[in-house]
Amino acid sequence: MTAFDLIRPYFRANLRRIATGLLFLLGVDAFQLFIPRIVKHAVDALSAGTATPHLLARDGGIIVCFAMLIGVFRFGWRHCLIGTSRRVERAIRSDLFSHLLTLDARYFDTTRTGDLMSHATSDINNIRMATGMGIVAVTDAVVLGGAAIGFMAWIHPGLTLMALIPMPFIVLSARVFGRRMHARHKAVQEGLAAITEHVREAVDGIRVVKVFGRGKQVDHRLKDLSGDYVRRNLRLVRVTGSLMPLMIFLSGMGTAIVVGAGGRLVITGGISPGDFVAFISYLGLLTWPMMALGWMTNLVQRGKASLDRLAVIFNERPEVAEPRHPTPIANPTGRLDMEKVFFSFNGSRQVLRHISLAVESGKSVGVVGPPGSGKTALLSLLVRLYDPTGGTIRMDGVPLPDLATADVRRLVRFMPQEPWLFSGTIEENICGPGAHADARKLDRAVTEACLAQTIEGFEDGLNTIVGEKGVMLSGGQKQRVALARTLYDPSPVLILDDPVSQVDTRTAHHIIEAVFADTGRTLVVASHRFAAIVPCDEILVMEEGRIRARGSHEHLLKTDDYYRETWRLQSLALEIEEADHA
Ligand SMILES: Nc1ncnc2c1ncn2[C@@H]1O[C@H](COP(=O)(O)OP(=O)(O)OP(=O)(O)O)[C@@H](O)[C@H]1O
């Protein structure tokens, strides 16, 4: 998709509005061009001594009517053309967001959030400016500029040539200054973004800032950033502040030429005094189209560059692609198997190697191993957040890429390691924002996740607001809300990544009991806590992306050193904890 392909449908959808806006704009230009003719008529009558109060009142009345029409038509074009640009902006933003939602985890692993934010704000803003004011600038430059020059040439071609001498300088300076203004404006925006990001990070990490006494450093950094922001703004003001005086100077030069040369023509009878006044008015009208000409090229260039950047995102296709003809699973049983699976996040380092696994329906698999051994990577493949770089993963005998992604997400419920909560209520976090909660399902999920007592303790119960990222809840409470979210919709396969890492031993025990009580579903659980994996039918011990050992708890105790040693240490810690409670 090219930049042009990208913008075309938005223009097509607004064609009628754009055409109406252009008609209004042409109307404004026409009325503006006729006012000097009326002025000429009055001035000529005055200098010929034929002017009467009635004639002057009539000319004045016509000018007032034209001025009123200009006001109405100007409102019309602004409403249509600026409205179109806002509509285009809204449509592109919503299409961009919908498209981003189709992209897979790998895209977001490699794309900075700041870049996406900038596409969603300044790039779309550039496109809006190019489509709205860009159309106005082009039309004005061509129609108003062309017609004003035409009327001037009609009055006196030679004088017109002389009056136009400063015009190329106006076009050029508008272009050069516009470009410089854009660069400096961008620098100002970057300065502001740096301040915003610094404040956001400091507020987000306020506990670390306080506990490590980093307040002064954070404060100094903010002062530096603010100073830099002021400097950037002053650099911008130097450009914006000099543009207008330069324009006034250049258009003044044009007027001076006309006063000198045109005045002489009036004296020699080459043109009438009315023509002289009208000529100066047309020259005044010409300044804006000339500026628009320089300005427009910048606007259009900038809009095109932004469109090109957005086209790159719109051309991005998820690697985790939707199958053309998805295979339906009529009666899902939750049988899973992995065959010689390899996986790399970035295409270079393999984080999973030679993984083969078969989980019968209703059976459970536990995954243990040191940090970074590949547990989360393995679980992410089962829920198809990523596709393996080698090998096959099947569900009920069907390779995952042959299933509709929506089916995979419906059949496989996943609790990520990070208990991400959205700002909103506990209920919204469990059932989804705006969703109508099923009281029975909600009750069961809350009970299984050992959350009932916690919720009873809150004044607003399930309607308790959790705050940004669940800041109002403790780590363990957040984790249990995330678990309840996973358990809310029953599914044939349940995948839990470290589900009890942030709760006490007793709560962990209750959660594990509840999760394992449902024997109808297939369960895959990764955990550093052995209590969560000991009841599993099969346990995998991961090491550097491979399965170093596998079997039941008893088997691994006998055969694997890492497993035995970790189990011994955890049992010891548990005994000490229980002795402390006793
Ligand atoms: N998004 C990513 N991009 C690139 N590499 C990654 C990414 N996520 C994890 N890794 C790397 O992949 C390897 C496996 O990570 P993984 O998160 O699967 O380990 P883990 O066993 O779950 O660790 P932990 O017990 O700490 O949760 C690690 O070496 C890690 O650095």
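Is Ser527 buried or exposed, and how many other C-beta atoms lie within 10 Å? The views below come from a predicted model, in which local features need pLDDT of at least 70 and side-chain atom pairs count only at pLDDT 80 or more, whereas totals for chains, interfaces and linings use all residues. Residues are numbered from 1 along each chain as its sequence is written.

**View 1. Surroundings of Ser527.** Ser527 is buried, because 23 other C-beta atoms lie within 10 Å (buried means 20 or more such atoms, exposed 12 or fewer, partly exposed in between, with C-beta atoms placed from the backbone). Ser527 sits in the loop between strand 8 (522-526) and strand 9 (538-543), strands being DSSP runs of E with at least two residues and helices runs of H or I with at least four, numbered from the N terminus. Leaving aside residues up to four places away in sequence, Ser527 touches Val368, Asp498, Pro499, Val500, Ala532 and Ile533, a contact requiring C-beta atoms, placed from the backbone, within 7 Å.

**View 2. The shell around the ligand.** The ligand is surrounded by 13 residues, the closest being Phe345, Pro371, Lys375, Thr376 and Ala377 (near means a C-beta atom, placed from the backbone, within 6 Å). Helix 11 (residues 375-382) gives the most to this shell, with three residues.

**View 3. An open sheet of four strands.** The strands follow the order 2-1-4-5 with antiparallel pairing, where two strands pair if DSSP finds at least two bridges between them. Strand 2 (350-359) and strand 5 (398-399) are the edge strands, each pairing on one side only. Strand 4 (residues 390-395) is joined to strand 5 by two bridges, and Met395 has Val398 of strand 5 as its bridge partner.

Definitions and conventions: Two residues are in contact if their C-beta atoms, placed from the backbone, lie within 7 Å.
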